[in-house]
Amino acid sequence: MSPHARKLRRILPALALTCLTVPALAVSAHATTPTTTPTSVSRADASFPTWGTRWIVHATSDINSPSVGMINQNSAGQDRITADYQVDTGRRVCEGSACSTFMAHITAPVTGFLTVVAVDIPEDRLPGVPVQGDPGGGSPTGSRQQTLERAATWLTANGGRPVPYSQSAHWRDGYRQDCSGYASMALGLPTPGTNTVGLATNRNLTRPIAMGELQPGDLVIDAIGNSNTRHVVIFERWNDAAHTSYTAYEQRSGPGTTHRTLTYGLNGGSEYRAYRPVQYGD
């Protein structure tokens, strides 16, 4: 990006980026191909200023993925970002005279992915920040790590508090605020989300596995009964080698989004079963 282009970008009216109902103005209407986020990356932790206002931070390196937050909400350049790696999506996103195919994984002030055109630098990618990921690789909706990252966003999405539970309401990202809407959000499925029975029976989405085979991002589902008894949680890890309990993300009545120890499906006679999202490719 030339210095001239950078100057043109910086003098664009700030109001052009303040309307959330027209996300293209915050560069979230350009289709991109999501990429598989690596579970470990070389870190740069480089800090950069931003420009404009109301930049949307996304859950994955896909600007059509759910929003996990926003920066520069009130005044241009109010926030700086800290980036540890960036991904080349292979698709150009432009804002004014600035264009880039890169999105940066940022760790501050919000954790998630931000298009590089939000950053006030002359280059079309962040200098000194390693490039990670494989454009066109993986599944259309992401990796196990992305599922867990998206699941974690609802723990604090409600002004630092969990998203409240509801079988009828929809959160600001468009997903239903019940357990299956939450799981659909974490998996990157279309809004408002698939119901619990669909998550268990649609073989384009999941396949049954043994409980002992659970890996991060898999689902544990009770698809029996009615809307008050069916339930789904997102498995994160086993708590011990004997598999007597596990830690999972859960959307439930009362506290809303939680991250806690569970034993669903581990006791004899349980109606809970384990399922593997087919998007992981294994």
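Guide: Two rings of Phe, Tyr or Trp (its six-membered ring) form an aromatic pair if their centres lie within 6.5 Å; planes under 30 degrees apart are stacked, over 60 edge-to-face, and the rest tilted. The model is predicted, so local features need pLDDT of at least 70 and side-chain atom pairs pLDDT 80 or more, while totals for chains, interfaces and linings use all residues. Residues are numbered from 1 along each chain as its sequence is written, and side-chain values use heavy atoms, without hydrogens and water.

Visitor: How many aromatic pairs are found in the whole structure?

Guide: The search was not confined to one region; the whole structure was covered. The number of aromatic pairs it finds is seven.

Visitor: Which kind of aromatic pair do Phe 235 and Trp 238 form?

Guide: The ring centres of Phe 235 and Trp 238 are 5.2 Å apart. Their planes make an angle of 65°. The pair is therefore classed, because planes over 60 degrees apart fall in this group, as edge-to-face.

Visitor: Is Phe 235 buried or exposed?

Guide: A residue is buried under 20% relative accessible area, exposed over 50% and partly exposed in between (1.4 Å probe, protein chains only). Phe 235 has a value of 1%. Its partner Trp 238, at 18%, is also buried. Phe 235 is therefore classed as buried.

Visitor: Which kind of aromatic pair do Tyr 264 and Tyr 272 form?

Guide: In this pair the centres are 4.6 Å apart and the planes differ by 10°. Tyr 272 has 13% relative accessibility and counts as buried. By its geometry, the pair of Tyr 264 and Tyr 272 is stacked.

Visitor: Which residues are linked into a cluster by ring pairs?

Guide: Two members of the cluster, Phe 235 and Trp 238, have already been met as an edge-to-face pair. Ring pairs join them with a further residue. The cluster consists of Phe 235, Trp 238 and Tyr 246.

Visitor: In what order do the six strands form the open sheet?

Guide: Strands are DSSP runs (E, at least two residues), as are helices (H or I, at least four), both numbered from the N terminus. Strands pair if DSSP finds at least two bridges between them. The pairing in this open sheet of six strands is antiparallel, and the order is 8-13-9-10-11-12.

Visitor: Which strands stand at the edges?

Guide: Each edge strand has a single partner strand, so one of its sides is left without a neighbour in the sheet. The two strands in this position are strand 8 (206-209) and strand 12 (256-262).

Visitor: Which residue in strand 11 is the bridge partner of Arg 237?

Guide: Strand 10 (residues 231-238) and strand 11 (residues 246-252) run antiparallel and are joined by four bridges. In strand 11, the bridge partner of Arg 237 is Thr 247.

Visitor: How many residues of helix 3 are buried?

Guide: The buried residues of helix 3 include Cys 179, Tyr 182 and Leu 187. Cys 179 has a relative accessible area of 4%. Helix 3 is mostly covered, and of its nine residues the number buried is nine.

Visitor: Which residue follows helix 3?

Guide: The residue that follows helix 3 has a positive phi, near 75°. This residue is Gly 188.

Visitor: With which residue does Asp 178 form a salt bridge?

Guide: A salt bridge is a side-chain nitrogen of Lys or Arg within 4 Å of a carboxyl oxygen of Asp or Glu, and the count comes to six. Asp 178 is buried, with a relative accessible area of 9%. Its partner is also buried, at 13%. The closest N and O atoms of this salt bridge are 2.8 Å apart, and the partner of Asp 178 is Arg 176.

Visitor: How far apart are the closest N and O atoms of Arg 260 and Glu 250?

Guide: Glu 250 counts as buried at 1% relative accessibility, whereas Arg 260 counts as partly exposed at 28%. Arg 260 and Glu 250 form a salt bridge whose closest N and O atoms are separated by 2.7 Å.

Visitor: Which strands hold Arg 260 and Glu 250?

Guide: The pair ties together parts that are ten residues apart in sequence, because the two residues lie in separate strands. For Arg 260 and Glu 250 respectively, these are strand 12 and strand 11.
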